[in-house]
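Student: Please take me through one part of this model closely, rather than touring the whole chain. Choose the part, define your terms, and then work outward from there.

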Amino acid sequence: MNAKRKSRGGSQKIRVEFKRNRADRARVIDWTRQYHESIENQQDEDNDLSLVARDSKAKDATQDQLEDVREAQAQRGENRRRVRGRRILSSDVNDVVSGERLNAKGDLARKRTVVGVYIGQENLSGESGDFEVLPDVDLTVCQKGRVLSVHGVNSYVEDESGRVFTCATRRVLKTLSTNQRQVVVAGDRVYFRDTRQPDGRCEGVIERVEPRFGTLSRTSRNRKHIVVANVEQALIITSAAEPRLKPNLIDRLLVTCERSGIRPIVCVNKIDLVDPASLQPLVGVYAKMGYQTVLFSAKTGFNLGRLRRILVGHESVVVGQSGVGKSSALNAIDSSLNLRVGAVSEDNHKGRHTTTTARLLKLSFGGYVVDTPGIRQFMLWDVEPNEVVGYYRDLRPYENLCKFQDCTHTHEASCAVKDAVADGRLDARRYESYLALRAGEMERIDKLE
């Protein structure tokens, strides 16, 4: 979004760009088709009138009958000339000067001047694509709130006293040009205006979304899909079996957490279904890199106390593929949550998406946690191929030891990363994961898994 500041007196006015689908067409581009349609309609009317006149003359029709026929035909011709909700006449086409614009002026029509503060290209996590402008709000009528969940056009916002409001979103926020798929997400801190109804219903309007930090984002149809905002740590939940563990999905989530400044914690559920010793080679790789790892079982209660201590007093998010037991683990940790859970499919041992939207939940022992829907694909957002190695903790120490400064660690000779893999100092699977992620082949790997 391009923004240009204009200062007038004590206020700051900023010229901002709006979404393309909010502007009218710059000019009518189908004049030729409309012109030919009007000529054809006129010829059809003349032919109809001549035929009627000939038939009426043969039958000695009265003058009143001829006038009624002409009026009916004229009305039909007028209806035919209506194109896109307005009247188009052949005389209009003749009066148009070549190159004259009849509607809005393209890019200029997609810009408006708003009063607010320009906050730059990046949010507090260093990511681009969020709001660049904070619209000015009247603090005498607006209050602070936290978005608990988003359902369609409605957002459920909790104010500082604990009341929950059903809020719509201010139109200027929805029309600002951004790369985001949604304007408001679970975890957002907002300013909203109380529009409580006479019958006592708590309703409001979100006037401004505060700058975000700790955003967990992915790519969805070439746009930024923010799963959750303003969290400190992410519990990457996976399962030892049913569904099977996906190391490449863990790697992508780790990269996203590294980029957003979120502390990742690798958690493996359902260890009661396998021999825990069989997980040590994989878990050991992550632990060696400094990532906290937890093996637990929501069914038997093993290691749930450790998870509870991790969540106390923090703002966290649980994320992972569908069916790994995210909601079941939260229910086992805090029974007051009473989240809806479901069993995995007996046919393919995959989850059934019991959780359908991200929800910010308050824990009875202190802290907040966001329960998210299961994910089956997680394509990274706004990560360049040459940046990937910087987000791999195990590969990063060898990056500057390569012979070539611009080494991609894929095919070059005298590559320290490749040598470390050959010598067994780096995990071969992690290196293959890096290669696939750098080449953008994770979608194909998802299908193979």
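Tutor: Start with a definition. Axes are lines fitted to C-alpha atoms, for helices over the stretch in contact, and angles run from 0 to 180 degrees between N-to-C directions. Two packed helices are described by the angle between their axes and the distance between the axes. Keep in mind that this is a predicted model.

The part is helix α5, residues 247-260. Take its packing. α5 packs against helix α10 (residues 428-439) at an angle of about 65 degrees. The two axes lie 10 Å apart. Angles of 65 to 115 degrees count as roughly perpendicular, and α5 and α10 are therefore roughly perpendicular to each other. The crossing of α5 past α10 is right-handed.

Now the helix by itself. α5 has 14 residues. From its first C-alpha to its last it reaches 20 Å, close to the 20 Å expected at 1.5 Å a residue. An α-helix has 3.6 residues a turn, so residues three or four places apart point the same way. Turn to burial. Of the 14 residues in α5, 13 are buried, and the helix is mostly covered. G261 follows α5, and its phi is positive, near 75 degrees.

Step back to the approach. P243 sits in the loop between strand β14 and α5. The peptide bond joining E242 and P243 is cis, with omega about 0 degrees. Most residues other than glycine have a negative phi, and most peptide bonds are trans.

Next, the strands on either side of the helix. β14 (residues 233-239), α5 and β15 make a right-handed β-α-β unit. β14 and β15 run parallel, joined by seven bridges. Within that pairing, L235 has I265 of β15 as its bridge partner.

β15 spans residues 263-269. Buried means under 20% relative accessible area. Six of the seven residues of β15 are buried, so this strand is largely enclosed by the rest of the structure.

What does β15 pair with besides β14? Strand β16 (residues 292-295) runs parallel to β15, and four bridges join them. I265 appears here too: it stands opposite Q292 in β16. I265 therefore links two pairings, with L235 as its bridge partner and Q292 opposite; the definition of pairing asks for at least two bridges between strands. A β-α-β unit occurs here as well: β15, helix α6 (residues 280-288) and β16 make a right-handed one.

Continue past β16. N303 is placed in the loop between β16 and α7 (304-311). Its phi is near 70 degrees, a positive value in a residue other than glycine. With a relative accessible area of 25%, N303 is partly exposed.

Strand β17 (residues 315-319) contains E315. E315 counts as buried, at 15% relative accessibility. Which residue 83 places away along the chain has its C-alpha 5.5 Å from that of E315? The residue is E232. β14 begins at residue 233.

One further loop deserves a look. N338 is found between α8 (326-333) and β18 (359-362). Phi of N338 is near 55 degrees, again positive in a residue other than glycine. N338 is exposed, with a relative accessible area of 65%.

Finally, set β15 beside another strand, β11 (residues 203-209). Six of the seven residues of β11 are buried, so it too is largely enclosed by the rest of the structure. Its pairings run in two senses. Strand β9 (residues 164-169) pairs with β11 in the parallel sense over four bridges, and A168 stands opposite V205. Strand β10 (residues 189-194) runs antiparallel to β11, with five bridges between them. There, D194 stands opposite G204.

To return to the helix: α5 is mostly covered, forms a right-handed unit with β14 and β15, and crosses α10 in the right-handed sense.

Notes
Residues numbered from 1 in each chain as written. Predicted model: local features only at pLDDT ≥ 70, side-chain atom pairs only at ≥ 80, totals over all residues. Heavy atoms only, no water. Buried < 20%, exposed > 50% of the residue type's maximum accessible area, 1.4 Å probe, protein only. Right-handed = clockwise from strand over helix to strand, strands pointing away. Expected span 1.5 Å × (residues − 1). Parallel < 35°, antiparallel > 145°, perpendicular 65-115°, else oblique. Left-handed = near helix turned anticlockwise from the far one by under 90°.
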